[in-house]
Amino acid sequence: MALLLRSVVDYAIYMLDADGYVRSWNTGGEQIKGYSASEIVGQHFSRFYTPEDVALGLPEEGLATARDAGRFEAEGWRVRKDGSRFRASVVIDPVYESGRLVGFAKVTRDITERYHAEQALEQAREALLESRKMESVGKLTLGLAHDFNNLITIIVNSLDLIEGSPTADARTRMLVETALQACDRGALLTRQLLAFGRGQALAPELCDIAELLENSMDLYRRACAGSVHVELEPAAGLPPVWVDRAQFEAAILNLVANSRDAMPDGGCIRIGARALQTRDPAAIEDGERLHVCVEVTDDGQGIAPDIQPHVFEPFFTTKEVGKGSGLGLSQVFGFAAQSGGYAELHSQVGQGTRVRICLPVGEEAA
């Protein structure tokens, strides 16, 4: 039996006494955990646990469960001799002699690779579900936007006829002008909805993103007049991307406006761009591609983790009623997707928010 245990290298198999001290050690234990038999025999097995698990009393809980229930099985993080952590599958069985508990048999297996593979698969599944949800919402939004646009067109045409009527007095023209301004706002909402639903007509051209940002900085600074400072980080030597200039400017302006609103007491908004080898998290099978990623970062209030998955959905807003349509980030999402790229958000409550628009470069975008 001792020869068999020494021959097993994929499992750490060893004995503990009734108090949890190591009494035997095999080759697998040395390979997985890094300790030789002379270093570990006589030591308490809690040294394999992370400090936080030790503080929670998990080593003693495992022994108590094995003693009372006849077996203890669990997965968790363990610590090697060099301080590195690995994911372990653990089994503890009580050992009795003449009806008296004399110790425990413990088997540990390193399942780190399997654990990471399962985590990656779960993330891919979540990304796929999110992508399908956004696609469904986009189709619904697209249909609503087209219908709403048709209604706006009829209203505008009717108002133009009323305004041009010979019988229209000054009061009528004033009311018509007010109604036309409301129609303009409705048309803007329609364009934002079409952007999210990827139904707008883009006019992409090969552009230097650094130049586009530099040329629009006055606009972005005017949108943040007051105690909010907007700065552009240098971004020289970026490869060109195919992008609709007007829609790109509108997307960045939406992000700047959101950051401004997140800092009612003032702060700083940083706009930067860089070239990265990255991949769309919602594209399960696509590998990495070269993107130019534009980032708008603020040091505002941040967004709670539970609502971050919804921020790109149309009409979802964290602002007070009447202070946001919930279409700004959805326009950004739709513009990025229709341009062949993607948008993503990273935020921590109290530390600020960063939204990144990643656009594929040159021939890849074409």
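Rings of Phe, Tyr and Trp (for Trp, its six-membered ring) count as a pair if their centres lie within 6.5 Å, and the pair is called stacked when the planes are under 30 degrees apart, edge-to-face when over 60, and tilted for the rest. By this definition the structure holds eight aromatic pairs. The model is predicted, so that local features need pLDDT of at least 70 and side-chain atom pairs count only at pLDDT 80 or more, while totals for chains, interfaces and linings use all residues. Residues are numbered from 1 along each chain as its sequence is written, and side-chain values use heavy atoms, with hydrogens and water left out.

**Exercise 1.** Classify the pair of Y14 and W25, and place both residues in the chain.

*Solution.* The ring centres are 4.9 Å apart and the planes stand at 50 degrees, so the pair is tilted. Y14 belongs to strand β1 (residues 11-17), whereas W25 sits in the loop between β1 and α2 (27-33), so the contact ties together parts 11 residues apart in sequence; strands (E, at least two residues) and helices (H or I, at least four) are DSSP runs, numbered from the N terminus. Y14 and W25 are both buried, that is, under 20% relative accessible area with a 1.4 Å probe and protein chains only.

**Exercise 2.** Treat F312 and F333 in the way used above.

*Solution.* With 5.7 Å centre to centre and 35 degrees between the planes, this aromatic pair is tilted. F312 lies in the loop between β9 (289-298) and α10 (328-338) and F333 in helix α10, 21 residues apart, and the pair links distant parts of the chain. Both F312 and F333 are buried.

Definitions and conventions:
Buried < 20%, exposed > 50% of the residue type's maximum accessible area, 1.4 Å probe, protein only.
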